[in-house]
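User: I would like to learn how to read the main features of a model like this one, step by step. Could we begin with the sheet?

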Amino acid sequence: MTELSISTGAGVFDAIVAGPPEGRPVLLLHGFPQTGLVWQRQIAALAAHGHRVVAPDQRGYSPGARPPHPEAYRISLLVDDVVAITEELGWAAFDLVGHDWGGAVAWWTAHAHPGRVRTLTVVSTPHPGALATTLRTDADQRRRSHYMIDWSETPATEEHMLADDARVLRDLYAGKVPEDSAEAYVRHLTRPGALTAALNWYRAGRPDGAIGIIDVPTLYVWSTEDSAFGPAAAQETGRWVKGPYRFETLQGVSHWVPEEEPETLSRLLLEHLRAHSEY
């Protein structure tokens, strides 16, 4: 694995890259509060099977692509980043993987650019339409999602998260993320402006459009101990995919799937890519 800088019209994105340049391209999108480092075990597994893998630090997480205002983090602009990054890499089509907020970006990208996304894999995050439905109909999901309101509406969120040696930020990893990785995320997000930029994803407001049915081969991986996304939204997600669809439930696993169950996730991802090699 090596580091790469990817220059786009929106700025310069830091990324981890591995695998042969001629390999089938895979883009991995992280969520909050992490970086492309979250995928290190999956990067190694994919590269070992001949894939060309890139895991960027997304908008706000890369210092060279860190606009100051929340409106610069609208979902349409985050999707544009995916397109710009892959165009700079010379990828006409690619397999797309996302976790947490990266999963949301992945859903929206697959909807907006189905001709470019060969396959989609989303970890934890339900389809945005499924989440919207259950926020209206399921009290459990409304309770789970209330933190998003707190983080978007509370200007003092950064101060709260970073107080006492970033105790609240560290607690988010719930002891499920390897200590060295958690420390790396905390170091990254305690740099000037980094945490505000990451929280701007929550403060950007509603999407400036509607998302519909996904028509690319999709793997959705959900875990039963996920504190953010409950079973109703997970089960509802299948209604929003008309392409080949596989839904996998990991029992007893928390929200931090890529690091808590790296071998299982890598196996599922490789199976998904092999199953749809014709796309």
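Analyst: Two strands are taken to pair if DSSP finds at least two bridges between them. Strands of a sheet pair through backbone hydrogen bonds, either parallel or antiparallel. Bear in mind that this is a predicted model. Here an open sheet of eight strands runs in the order β1-β2-β4-β3-β5-β6-β7-β8, and its pairing is mixed. The edge strands, each pairing on one side only, are β1 (2–8) and β8 (245–254), and from one strand to the next the twist averages 20°.

User: Which strand is joined to β1, and in what sense do the two run?

Analyst: Seven bridges join β1 to strand β2 (residues 11–18), and the two run antiparallel; within this pairing, serine 5 has aspartate 14 in β2 as its bridge partner. For the parallel sense, look at strand β5 (residues 94–99), which pairs with β6 over five bridges, where histidine 99 has valine 123 of β6 as its bridge partner.

User: How many residues of strand β6 are buried?

Analyst: Buried means under 20% relative accessible area. Six of the seven residues of strand β6 (residues 117–123) are buried, so this strand is largely enclosed by the rest of the structure.

User: What should I look for where a helix lies across strands, as α1 does?

Analyst: Ask which strands the helix crosses, which of its residues are buried and what covers them. Helix α1 (residues 40–48) lies across β2, β3 (25–29) and β4 (52–56), and runs at about 160° to β4. Gln42, Ile43, Ala45, Leu46 and Ala47 are buried in α1, and what covers the buried residues of this helix includes β2, β3 and β4 together with α11 (257–260) and α12 (262–275). Just after α1, glycine 50 takes a positive phi of about 90°.

User: How are α2 and α3 oriented to each other, roughly parallel or roughly perpendicular?

Analyst: The relevant range for calling two directions roughly perpendicular is 65 to 115 degrees. Helix α2 (residues 75–89) and helix α3 (residues 101–112) pack at an angle of about 80°, with their axes 9 Å apart, and the two helices are therefore roughly perpendicular to each other. On the α2 side the contact involves Ile75, Leu78, Val79 and Val82, which meet Trp101, Ala104, Val105, Trp108, Thr109 and Ala112 in α3. Sorted by class, this contact of α2 with α3 has nine nonpolar residues, one polar residue and no charged residues.

User: What can be said about a single position, for example alanine 198?

Analyst: Start with its element, then its exposure and its neighbours. Alanine 198 sits in helix α9 (residues 194–203), and this alanine is buried, with a relative accessible area of 0%. Leaving aside residues up to four places away in sequence, alanine 198 touches Phe32, Tyr61 and Leu189. Alanine 198 and aspartate 100 are 98 residues apart in sequence, and their C-alpha atoms are 13 Å apart in space.

User: How does the radius of gyration of the protein chain agree with that of a compact globule?

Analyst: A compact globule of 279 residues would have a radius of gyration near 19 Å, and the 17 Å of the protein chain agrees with this. The chain contains twelve helices and eight strands, and its C-alpha atoms fill a box of roughly 50 × 40 × 35 Å along the principal axes. Of its 279 residues, 54% count as buried. Among contacts with a separation of 6 or more, residues 24 or more positions apart account for 77%.

Key: Residues are numbered from 1 along each chain as its sequence is written. This is a predicted model: local features need pLDDT of at least 70, side-chain atom pairs count only at pLDDT 80 or more; totals for chains, interfaces and linings use all residues. Side-chain values use heavy atoms; hydrogens and water are left out. Axes are lines fitted to C-alpha atoms, for helices over the stretch in contact, and angles run from 0 to 180 degrees between N-to-C directions. Helices (H or I, at least four residues) and strands (E, at least two) are DSSP runs, numbered from the N terminus. Angles under 35 degrees count as roughly parallel, over 145 as roughly antiparallel, 65 to 115 as roughly perpendicular and the rest as oblique. Contact means heavy atoms within 4.5 Å. Ala, Val, Leu, Ile, Met, Phe, Trp, Tyr, Cys and Pro count as nonpolar, Asp, Glu, Lys and Arg as charged, and the others, Gly among them, as polar. The radius of gyration is taken over C-alpha atoms; the globule rule is 2.2 Å times the number of residues to the power 0.38. Buried means under 20% relative accessible area, exposed over 50%, partly exposed in between (1.4 Å probe, protein chains only).
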